[in-house]
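Ready for some practice in reading a protein model? Open the structure below, keep it in view, and work through each exercise before you look at its solution.

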Amino acid sequence: KAQLLLLPPPAIEMRPQVLDIARKYRAEFVLSHLFGRGPGVSLKEFTRVGFDRDKMVGFVWAGGESDINIAGWEQSEGYFNMQFAHVGSSRANLNHPLLQRIANNIRAGGRDLPEAMDQSVYYNRGVMIAAAHAEAIRAAVAANGPNIDGEDVKNAMERINGLDLDGFMAPLSFSPEDHEGGGFVRIFQVHDNGYRPASDWIQGYREVVMKHVMAGS
């Protein structure tokens, strides 16, 4: 059995709920749909009651370095979290070729690497979004010449198919009907003061989700 931990913001007073989940309901797994300060607080509280972190899964806004820093990396060991871009890098650990290229360009301009690179969950998502826009602009220019407009870029983005930059991010594929990009996530686990991948890129019941999305559109 699983227990969904869903609290209204700011979600920083959750000890009673955590006690119920761990001791009253005796949940075997917890799905953490939290954001802001909530994820770090939840990890602290579940640690306090002795709940196994490897029985917890945080959704995509519940697993950034800032969240783990609040709870402590040792205390968060084993915690699973969903991501839609590569994580676990830093200025001292540029562990993907794309990040190394970015760093080389920054240094070539005589600048230091930004501290934001150490927050890999959110920095890398920014890189992913920038890459999608750059690819759409490149394709729009290739198709229409340099004098492009927003509509040209939109049309080009809707033709992106399988952009993943050597596994840096979930493979993005857009269409006029689907602006989400495919709905892929990857599970990572907090391990040894960092992250390690715990799954390949996966889609959760994509046909079922899109059926209901289209029914409501």
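In this predicted model, residues 24 or more positions apart account for 60% of the contacts in the protein chain with a separation of 6 or more. Keep that figure in mind as you start.

**Exercise 1. Describe the protein chain as a whole: its helices and strands, its box and its buried share.**

Solution.
- Step 1: Begin with the elements. The protein chain has seven helices and nine strands.
- Step 2: Turn to the extent. Along the principal axes, the C-alpha atoms fill a box of roughly 65 × 50 × 30 Å.
- Step 3: Look at burial. The chain has 217 residues, and 43% of them count as buried.

**Exercise 2. Find the salt bridge between Glu45 and Arg15, and work out how each partner sits in the model.**

Solution.
- Step 1: Check the distance. A salt bridge needs a side-chain nitrogen of Lys or Arg within 4 Å of a carboxyl oxygen of Asp or Glu. For Glu45 and Arg15 the N to O distance is 3.2 Å, so the pair qualifies.
- Step 2: Place the partners. Glu45 belongs to helix 2 (residues 38-48) and Arg15 to helix 1 (residues 15-24), so the pair, 30 residues apart, links distant parts of the chain.
- Step 3: Compare exposure. Glu45 has a relative accessible area of 8%, so Glu45 is buried. Arg15, at 39% relative accessibility, counts as partly exposed.
- Step 4: Look for further links. Arg15, Glu45 and Arg48 form a network of salt bridges. The whole structure holds seven salt bridges.

**Exercise 3. What separates Glu135 and Arg138 along helix 5?**

Solution.
- Step 1: Confirm the pairing. The closest N and O atoms of Glu135 and Arg138 are 2.7 Å apart, in a salt bridge.
- Step 2: Count along the helix. The two are three residues apart in helix 5, which means about one helical turn separates them.
- Step 3: Add the exposure. Glu135 is partly exposed, with a relative accessible area of 23%, and Arg138 is partly exposed too, at 47%.

**Exercise 4. Is Arg125 buried or exposed, and which side chain of opposite charge is nearest?**

Solution.
- Step 1: Locate the residue. Arg125 lies in helix 5, which covers residues 120-144.
- Step 2: Recall the general idea. Side chains of opposite charge can pair when their charged atoms come close.
- Step 3: Apply the test. Arg125 is buried, and Asp67 is the nearest side chain of opposite charge, 8.0 Å away. A salt bridge needs the atoms within 4 Å, and Arg125 has none.
- Step 4: See what surrounds Arg125. Leaving aside neighbours within four places in sequence, its contacts include Trp61, Met82 and Phe84.

**Exercise 5. Explore the largest pocket and follow Glu180 from its lining to a salt bridge.**

Solution.
- Step 1: Take the volume. About 330 Å³ of space lies in the largest pocket.
- Step 2: Survey the lining. There are 19 lining residues, and Glu180 is among those nearest the centre, along with Leu172, Phe174, His179 and Gly181.
- Step 3: Sort the lining. It divides into 11 nonpolar, five polar and three charged residues. Helix 5 gives the most, with four residues.
- Step 4: Follow Glu180. Arg206 forms a salt bridge with Glu180, with the closest N and O atoms 2.5 Å apart. Arg206 is in helix 7 (residues 206-216), while Glu180 is in the loop between strand 6 (172-173) and strand 7.
- Step 5: Compare the partners. Arg206 counts as buried at 16% relative accessibility, whereas Glu180 counts as exposed at 52%.

Definitions and conventions
Residues are numbered from 1 along each chain as its sequence is written. This is a predicted model: local features need pLDDT of at least 70, side-chain atom pairs count only at pLDDT 80 or more; totals for chains, interfaces and linings use all residues. Side-chain values use heavy atoms; hydrogens and water are left out. Buried means under 20% relative accessible area, exposed over 50%, partly exposed in between (1.4 Å probe, protein chains only). Lys and Arg count as positive and Asp and Glu as negative; His and the chain ends are not counted. Contact means heavy atoms within 4.5 Å. On a 1 Å grid over the protein atoms alone, a cavity is a set of points where a 1.4 Å probe fits but cannot get out, and a pocket is an open set with protein on both sides within 12 Å along at least five of seven lines; lining residues have an atom within 4 Å of a point. Grid points are joined across faces, edges and corners, and a volume is the space filled by probe spheres set on the points. Ala, Val, Leu, Ile, Met, Phe, Trp, Tyr, Cys and Pro count as nonpolar, Asp, Glu, Lys and Arg as charged, and the others, Gly among them, as polar.
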